[in-house]
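Work through the exercises below with the sequence and the model open. Each task is followed by a solution in steps.

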Amino acid sequence: LLLVTECRGILDNNQRFSSLPTYLRVSYRIFSAETSFFLKEANQDFMRNSSLQSRVESFFPYKAKRPPILNASYGPFSVEQVVPQDLMLTSSFFGSANKFTYNWKLKAYIMSDKIYLSKPKVQVLFYIVGRDWDDYSTTERLPCLRVFAFRETREVRGSCRLKGDLGLCVAELELLPSWFNPPTVVTGRKKPPDQFEGSPVELYYTIQPGDEKGECTAEDIRKGNAIRPGKDGMDEAMSHLQRIGSVSLYRGQETSQLTELRLDSNIVVWLPSKPVKQGEVVNVYVTVANNSTVDQFILRAKVKKGVNILSAKTSDPRQWDVKQEVGNGGKHSTTTVICQRIAPSSRNRSNSLFNEVVQMNFEIASFSSLSGTQPITWQVEYPRKGTTDITLSEIFICQKDLVGIVPLAMDMEILNTAILTGKTVAVPIKVISIEENSAVTDISESVECKSSDEDVIKVSDRCDYVFVNGKEMKGKVNALVNFTYQYLSAPLQITVWVPRLPLQIDISDTELSQIKGWRVPVVSNKRPTRDSDDEDEDERKGRGCTLQYQHAMVRVLTQFVAEDSSPWGQLSYLLGSDWQFDITDLVMDFMKLEDPHIAKLQEGRILIGQEVGMTTMQVLSPLSDSILAEKTVTVLDDKVTITDLGVQLVAGLSLFLQPSAASSRAIVATTIAQELLHTPKQEAVVSTWIQFSDSSVTPLDIYDSKDFSLSAVSLDEAVVSIHQNSALKWPVVAAEGEGQGTLIKVDMMISEACQKSKRKSVLAVGNGNIKVKFGQNDADSDTGGDYDADEIENHASDRRHKVSDQERYGQDGRYYGSSSAEREEGTIRKVSTTAKSVIKNKVIKNNRLDGGKLSDDSQLQNIPIDFTNFPAQVDLPKGNAGMEENDLVQTPRGLSDLEIGMYALLGVFCLAILVFLINCATFALKYRHK
């Protein structure tokens, strides 16, 4: 089916379009995705959507547990396609898991970046981010990880297999003692590393599938610096080594770490920061500030049952005399240490800030649980000066040799849509501990946590999830939430994306006018229209009718941004700065017009003028009185006329998906209307756009179908017949016999209730060119059905008013031309233009199984076709058009008032020049005569 429009009017070469481009009015919906968005790319709408035959739309599946499905529908036709995983950049690393891994990412965490000769073991934790902890069992086969440590020309390997509900494992590397020696070769001018700096060792990993039992294979499959492809046909990309980071090697012993406890400005107590085990002796060091003048003090310490007080001995017998008294009670024991300086201070000869006075020893005799603390209270008394406040310290007790803790988030990003919807967005958190033997324990219920900036992200009281509730002020890349367990602490980094404010309200036409001649029934609660001219009274109101106002399409757009970690807080953009996200569905309940009498919003997406005036469309915050976006809308007292009617016949839909050239995460969907009628009784519906004298272009189906009617007439019943579908309320075209030409005439009329007389008021007329060839569809009209992506051409068609004999007379010899009424209008009033991408025949599209009847379902043929440049940018036609393909017509229109005034002024100037020349000629003749 090929249909174009020829409508009455004069073509304006400088045609101005509305902000909305023209396209096939197909509706897109995304299923099986938790979070997804349709996108608007900067400066792409006019280039992509310039034809009534197709619609190009970009979308972004942000979160999905299953492969998303894109559905495209128009009228009775619907087609859908599962988004291929290669378009979603699903990681092939988890190919052996046989799961949909779109949001999965593999993270590596080095437990300690300082390795000592006494403990020459490197531990690396691997875990999967983006994996739903509740949806997957522990028996699924996740891949194995091989870890490599390189130093000069030597290497050490280790491996582990991802498993468990959290999908994690710990790989161990036993480093060789010789690696702790200084490097034998120093490259270039690089200095030998200092003994305090340590020797660097690089760590890498690669992924391979497990064996039949799911275990990691022991064979060396490495070759050079890469791993050969593994089993199950995994990609070559999996074989490359991925860098983890580096560790530093030290020959010395690991120094014991002490925690400072300041009792006052003079006395500081140093306690071990690491936990101790049962039976171990804890050494506590009491120091005096180097600049202190204290010569005598009494230190009291109190411990609970389970801690034995041992000896206290002076650290410098030449400087200090120490005496200890111990008192044992029922539940508590106390010790009093009296310290007296016996020699002048040596602080001037010391480089340290503190001088050690006494060492106190405590023994951990028993404890009540596997993990806990023993408190020690401290108080200092100065003779004749009083006592200090009591200070509390804690000694951690643990039977395990912990290496560190790691907070795990189910996802490393949060999209803060709570600012738009008021609904909290949360990400579950678990905290695990890693022991020296690589045992992993869930300690989530025993940790403490705090967000570094609650204006960005918050954390729950139980530390089991982080969340945003819409009260945040900004977003941030790698925002920090700190977790603490006993003496261990670790940060969680998570990126928070927030919508950029103010939001952008995109309205296809912000100036709405009354449409001359289009009368609609007056709604009972609608305020009466102000009369501007008495002679227009009959036109404005007749039989309870008033003039229709123009409609416009509305959507709300935004960008999701986050501040980076630089001091300037530069913005990072989700997908990039050229992309805007359509968030209309999220904010639809919070959109309103400041004055609903002037205009109203229908279903959050259609703006309808109601009364002359000016108002503001607003998007309100769901949590406060603030306004997230606003845009001015004007309803004018001027009238516009419908100048053109563009018609597209749709016999089916074809859907194609391809990656976006501008972003690897965005996907471009192209839906094309099938055109050729190729089976008897195959049916097609009508898609129409209207153009007004103010140059705006609007799809007709955004208007209420009760306010107008469409009728179509077949100019040759032997080729096509037309009937009215009661369900669709729009005419339906059916194929009867082969032929082609301008066979369809479409009339747009006002509703029956507002007809003034028996002669129906026709608002616009459009004609369609049809091609019917049985046994041949859109895909094989030239070649017989084989398709090849290389044979799809994408170019702009410059329509000329050239109609071949075959088009005019058809294949049966009949003449198919315009209607007599249009022929009388003359050649210049039959100008019509279209712009589209011509697709050569080798594209297989979905067809209805019964030959195209509207009651059946359609199927999609998934064809790998590259539509990178589809459709091409179009040129405006230069002549009257008898056209072979259908498109929206850039329809001709009459001269505007401004143009008429300019031409009149130009005529006056020309007349004045002519009078001046005549006067000059007369004067010259008289002068010559004298």
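**Exercise 1. The chain as a whole**

Task: Find what share of contacts between residues at least 6 apart in sequence join residues at least 24 apart, and describe the chain's make-up and surface.

Solution. The model is a predicted one.
- Step 1: of the contacts in the chain between residues at least 6 apart in sequence, 72% link residues at least 24 apart.
- Step 2: the secondary structure consists of 7 helices and 57 strands.
- Step 3: the chain has 930 residues, and 51% of them are buried.
- Step 4: about 44700 Å² is exposed by the chain, with 48% of that supplied by carbon and sulfur atoms.

**Exercise 2. A sheet of 5 strands**

Task: For the open sheet that contains β16 and β20, give the strand order, the edges and one pair of facing residues.

Solution.
- Step 1: reading across the sheet gives β16-β17-β18-β23-β20, and the pairing is antiparallel.
- Step 2: β16 (258–262) and β20 (307–314) each pair on one side only, which makes them the edge strands.
- Step 3: on average, neighbouring strands in this sheet are turned by 25° against each other, direction ignored.
- Step 4: β20 is joined to β23 (residues 354–364) by 6 bridges, and these two strands run antiparallel.
- Step 5: threonine 314 faces valine 358 of β23.
- Background: pairing between strands of a sheet goes through backbone hydrogen bonds, in a parallel or an antiparallel way.

**Exercise 3. Valine 554**

Task: Decide whether valine 554 is buried or exposed, and list what is in contact with it.

Solution.
- Step 1: locate valine 554 in strand β39, which covers residues 551–558.
- Step 2: its relative accessible area is 4%. The cut-off for buried is under 20%, so valine 554 counts as buried.
- Step 3: set aside neighbours within four places in sequence; the contacts of valine 554 are then Ile505, Asp506, Ile507, Met591, Leu601, Gly604, Arg605, Leu607 and Met617.
- Step 4: take leucine 601 from that list. Leucine 601 and valine 554 are 47 residues apart along the chain, and their C-alpha atoms are 8.8 Å apart.

**Exercise 4. A nonpolar patch**

Task: Which residues make the nonpolar surface patch of about 390 Å², and how is leucine 914 classed by accessibility?

Solution.
- Step 1: the patch is made by Leu911, Leu914, Val915 and Ile918.
- Step 2: leucine 914 lies in helix α7, residues 897–929.
- Step 3: leucine 914 has a relative accessibility of 46%, so this residue is classed as partly exposed.

Terms used:
Residues numbered from 1 in each chain as written. Predicted model: local features only at pLDDT ≥ 70, side-chain atom pairs only at ≥ 80, totals over all residues. Heavy atoms only, no water. Helix = DSSP H or I, 4+ residues; strand = E, 2+ residues; numbered from the N terminus. Buried < 20%, exposed > 50% of the residue type's maximum accessible area, 1.4 Å probe, protein only. Contact = heavy atoms within 4.5 Å. Areas by Shrake-Rupley, 256 points an atom, 1.4 Å probe, with all protein chains shown as cover. Pairing = 2+ DSSP bridges. Axes fitted to C-alpha atoms, helices over the stretch in contact; angles between N-to-C directions. Patch = residues over 30% accessible without salt bridge, like charges linked within 9 Å, V, L, I, M, F, W, Y side chains within 5 Å. Salt bridge = Lys/Arg side-chain N within 4 Å of Asp/Glu carboxyl O.
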